[in-house]
Amino acid sequence: MFLTRVAIAAIAVLTMSVAAGAQEKGDMAAGGSLVLGAGDSFTNIGIGAKFQYNVTTPIRLEGSFTYFLKKDYLKMWDLSVNGHWLFPLGEKITVYPLAGLGILNYGYDYSVDFGELGSYGASGSTSDIAFNLGGGLDLKLTDRLVFNAELKYKISDVWDRLLLSAGLVYKF
């Protein structure tokens with residue numbers, strides 16, 4: 001029992017020391033991503049931009065905006081702020097759970113042309129606050145360039161969405 005506790009303590013100290021060298025307080029990065037969104041039998045593709053800032057050595061904040069391409073008269077965008085708890089798995093790979101808040105905006109815009117009878121159209125949009133839960137992986141390609149893959153679930157009153165993204169960030 002005593003040896004088990006000592007082993008757990010040693011692993012915890014080793015993990016913290018590895019984490020301390022991987023991402024430093026004040027590190028910043030910006031980049032873009034491709035996003036696949038799915039939920040309620042509707043799937044679409046988005047293009048995203050993000051900015052990351054390390055508040056402390058293991059904690060990073062990320063602001064992101066994703067514009068989803070219009071599909072079946074439906075258009076949407078997502079604005080989120082997430083916290084990442086970084087766990088380096090060596091010099092090149094870091095994994096993290098994430099949690100945060102976002103605004104999911106979705107709307108419709110369509111028109112039907114009835115020829116000589118005229119046309120009919122309708123449009124509207126609404127926004128909803130969403131909670132974000134998920135996780136991701138950073139793969140260091142160079143000292144400045146990092147590949148990122150992330151799985152995030154957005155939970156809202158109106159529409160839940162699963163977002164799968166992949167992209168690159170540049171550390172400056």
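Contact here means heavy atoms within 4.5 Å. In this predicted model, Leu104 touches Met76, Trp77, Asp78, Thr126, Ser127, Asp128, Trp159 and Arg161, with residues up to four places away in sequence not counted. Three of these residues also belong, by name, to a nonpolar core: Leu104, Met76 and Trp159 are among the members of the largest such core. That core has 9 residues, the others being Val35, Phe42, Phe68, Leu74, Tyr106 and Leu163. Strands β4 and β6 (93-113) each supply at least two residues of this core.

The protein chain as a whole contains 1 helix and 9 strands. Read from the N terminus, the order of elements is α-β-β-β-β-β-β-β-β-β. The chain has 172 residues, of which 32% count as buried. When contacts between residues at least 6 apart in sequence are considered, 52% join residues at least 24 apart. The accessible surface of the protein chain comes to about 10,100 Å², and carbon and sulfur atoms account for 69% of that surface.

Strand β4 spans residues 74-85 and includes His84. The relative accessibility of His84 is 1%, and the residue therefore counts as buried, the cut-off for this class being under 20% relative accessible area. Leaving aside residues up to four places away in sequence, His84 touches Gln52, Pro58, Ile59, Arg60 and Glu62. The remaining contacts of His84 under that condition are with Tyr96, Pro97, Leu98 and Glu150.

Glu150 also appears in the description of an internal cavity. A search of the whole structure finds 1 cavity of 30 Å³ or more. The volume of the largest cavity is about 120 Å³. Its lining is made up of 13 residues, and those nearest the centre of the cavity are Val35, Thr66, Glu150, Lys152 and Ser165. Two or more lining residues come from each of the strands β1 (28-39), β2 (42-54), β3 (59-71), β8 (145-156) and β9 (161-171). By residue class, the lining of the largest cavity divides into 3 nonpolar, 5 polar and 5 charged residues.

Two residues link these descriptions. Val35 is listed in the largest nonpolar core and is also one of the residues nearest the centre of the largest cavity. Glu150 is a contact of the buried His84 and likewise lies among the residues nearest the cavity centre.

Methods. Residues numbered from 1 in each chain as written. Predicted model: local features only at pLDDT ≥ 70, side-chain atom pairs only at ≥ 80, totals over all residues. Heavy atoms only, no water. Helix = DSSP H or I, 4+ residues; strand = E, 2+ residues; numbered from the N terminus. Buried < 20%, exposed > 50% of the residue type's maximum accessible area, 1.4 Å probe, protein only. 1 Å grid on protein atoms, 1.4 Å probe; cavity = no way out; pocket = protein on both sides within 12 Å on 5 of 7 lines; lining within 4 Å. Points joined across faces, edges and corners; volume = space filled by probe spheres on them. Nonpolar A, V, L, I, M, F, W, Y, C, P; charged D, E, K, R; others polar. Areas by Shrake-Rupley, 256 points an atom, 1.4 Å probe, with all protein chains shown as cover. Core = buried A, V, L, I, M, F, W, Y, C linked by side-chain atoms within 4.5 Å.
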